[in-house]
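Subject: Structure handover

Hello,

I am passing this structure on to you. Please open it alongside this message, since the notes refer to residues by name and chain.

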Amino acid sequence: MPDWKPTTCIKSLHKRAAVFASIRQYFSEQEVLEVDTAVLSQCAVSDPFIDSLEVSFRGYPEAEAETCYLQTSPEYAMKRLLAAGSGSIYQLGKVFRNGEEGRFHNPEFTMLEWYRLGLDDNALMDDVERLVQLVLDIGPIRRCTYNDIFKEKLGLDLQKSSTAQLAEAMHKHVEIDMSLDDRDAWLNLLMSHLIEPMLKDESVFITDYPASQSALARIKEGEDGELVAARFELFVGGMELANGYHELTDSQEQQRRLSADQQTRKLLKLPQRPLEQRLVAALASGLPDCAGVALGVDRLVMLALNASHIEEVIPFTFRNA
Amino acid sequence: MGYSANQLKNGLKVMLEGDPCAMQDVEFVKPGKGQAFTRVKMRNLLTGRVWERTFKSNESVEGADVMDRDMEYLYNDGELYHFMVPVTFEQYAADETAVGDAAKWLKENDTCMVTLWNDNPIAITTANFVELEVVETDPGLKGDTAQGGSKPAKLSTGASVRVPLFIEQGDILKIDTRTGDYVSRA
């Protein structure tokens, strides 16, 4: 007999539903509009390290397939709505990321993404904090810059550390065979392998990411005059829970970043996928000043239930679906 | 047989730098915007060393032909230890390095687990509990079954263990091989 049972228990599903309800109530009170954009698109995310699942669309069963992509986040579509005058919006729904499977990952997961007009990254962190505190019993959330968390947890001064020194710090703890040329890769390794586990007993917003890791955030001047990304991430219980930006609104810069991502993909021999030019067009027509954030809802439920594996909070994992 | 990073899992045996290794703890690590990695805690099956290594998602690793088989311990010829698969009568000889500390608990005709790499024994794991005879100890103290205190005793395999004072030469003892402790009289 095949194993037909859910990987979660019914009691956890009640908690999950209650979390969904609190989220919707919060945004309803805040007068933020719920939207549900397309999950299936002709374009894919440009990010080199986020792989989209491909789907074959056919006009009729024997027709030649058109390749479409399952969305890895509703970001592009939501920004098109913002540019069309939607006002502040949120979306609670499924997104898909190829290859991501583990204790904290399922290739199909539930993401909460929202955009607030007129807020910057700092004000949006206040908003995230209020929402998370509706679900989790945690006190005020500390804020710490990217540079400061490296100093605090690893004693590394990023402004003075060469990539070789970052690699050396990593090799002290974990063996890895990787070339030295990609500084951001070493930063990501140190963050995910060493710093994240050290954050297991605290909640912290890590702010002012390196400008090289800005993704779709605008660039601003940091505390000491260094250019940084207006980007933050929230870590709770050693898990990356949310990622937010003071959004980039400059369409030319947006075009440049999409092309740069495509170039990186080419260099790394990763698949070249159609870029979402409608996003660039939307920004050119005018994206209102806003801040946006994406939050992993399954991980939020994991924290609420003190679960150690994502399978404990979703009805059926990928391997059971 | 090769494995890609996303196929790694607990218990998998792979070759690294020429040595067979067993994966003990495998975790998928993927920052939202960063590269995916598979972080693994591994044990070198020849040296016992445990360490952590991270694999890039496009890295692959060669499988190791390692398997565990239950065998009967036959005898030691002064240099090698001989084992036999009970059903097929296939015999294997293991050297001191492979047998290691298990030598202290190997009794003829007992069943133990032999780890084979490319069909050669590289490790021996005895049962958690074995029964061995005391061949040498000070005379027992009668009536001392409840009191504390212990003394050394030499077992038939040559191993030395601490035993209660009432134990006599010729007694059969139950020993926990994981700790090397006396458990009871068998």
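The notes below cover confidence, salt bridges, a cavity and one lysine.

Confidence

Please keep in mind that this is a predicted model. The predictor gives the complex an ipTM of 0.89 and a pTM of 0.86. For chain B the average pLDDT is 92, and 96% of the residues score at least 70. Within chain B, confidence is highest in strand E8 (residues 81-84), at a mean of 97, and lowest in strand E1 (residues 2-4), at 91. As a general caution, where pLDDT is low, the predicted coordinates should not be read in detail.

Salt bridges

Side chains of opposite charge can pair when their charged atoms come close. Over all chains, the structure holds 37 salt bridges. Three of chain A are described here.

One of them joins Lys220(A) to Asp121(A), with 2.9 Å between the closest N and O atoms. Lys220(A) sits in strand E11 (residues 219-221) of chain A and Asp121(A) in helix H3 (residues 121-135) of chain A, so this pair ties together parts that are 99 residues apart in sequence. Are the two partners buried or exposed? Asp121(A) counts as buried because its relative accessibility is 4%, under the 20% cut-off. Lys220(A) has a relative accessible area of 22%, and is therefore partly exposed.

Helix H3 of chain A also takes part in a salt bridge between Glu129(A) and Arg143(A). Here the closest N and O atoms are 3.8 Å apart. Arg143(A) belongs to strand E7 (residues 142-145) of chain A, and the pair links distant parts of the chain, 14 residues apart. Glu129(A) is buried, at a relative accessible area of 13%, whereas Arg143(A) is partly exposed, at 34%.

The third example is Glu152(A) with Lys153(A), whose closest N and O atoms are 3.3 Å apart. Glu152(A) is partly exposed, with a relative accessible area of 40%. Lys153(A) is also partly exposed, at 21%. These two residues belong to a network of salt bridges that links them with Arg142(A) and Glu202(A).

Cavity

How many cavities of 30 Å³ or more does a search of the whole structure find? The search finds one. The volume of the largest cavity is about 50 Å³. Its lining is made up of Ala38(A), Val39(A), Gln71(A), Ser73(A), Pro74(A), Gln91(A), Gly93(A), Lys94(A), Val95(A) and Met111(A). Strand E5 (residues 89-96) of chain A supplies the largest share of that lining, with four residues. By type, the lining divides into five nonpolar residues, four polar and one charged.

A lysine in chain B

To look at chain B in detail, you could start from Lys174(B), which is found in strand E15 (residues 172-176). Lys174(B) is partly exposed, because its relative accessible area is 29%, between the cut-offs of 20% and 50%. Which residues does Lys174(B) touch, not counting those up to four places away in sequence? They are Phe129(B), Val130(B), Glu131(B), Asp181(B), Tyr182(B), Val183(B), Ser184(B) and Ala186(B). Pro139(B) and Lys174(B) are 35 residues apart in sequence, and their C-alpha atoms are 19 Å apart in space.

Regards

Note on methods: Residues are numbered from 1 along each chain as its sequence is written. Chains are lettered from A and ligands numbered from 1 in the order in which they are written. This is a predicted model: local features need pLDDT of at least 70, side-chain atom pairs count only at pLDDT 80 or more; totals for chains, interfaces and linings use all residues. Side-chain values use heavy atoms; hydrogens and water are left out. Helices (H or I, at least four residues) and strands (E, at least two) are DSSP runs, numbered from the N terminus. Buried means under 20% relative accessible area, exposed over 50%, partly exposed in between (1.4 Å probe, protein chains only). Contact means heavy atoms within 4.5 Å. On a 1 Å grid over the protein atoms alone, a cavity is a set of points where a 1.4 Å probe fits but cannot get out, and a pocket is an open set with protein on both sides within 12 Å along at least five of seven lines; lining residues have an atom within 4 Å of a point. Grid points are joined across faces, edges and corners, and a volume is the space filled by probe spheres set on the points. Ala, Val, Leu, Ile, Met, Phe, Trp, Tyr, Cys and Pro count as nonpolar, Asp, Glu, Lys and Arg as charged, and the others, Gly among them, as polar. A salt bridge is a side-chain nitrogen of Lys or Arg within 4 Å of a carboxyl oxygen of Asp or Glu. pLDDT is the predictor's confidence in each residue, from 0 to 100.
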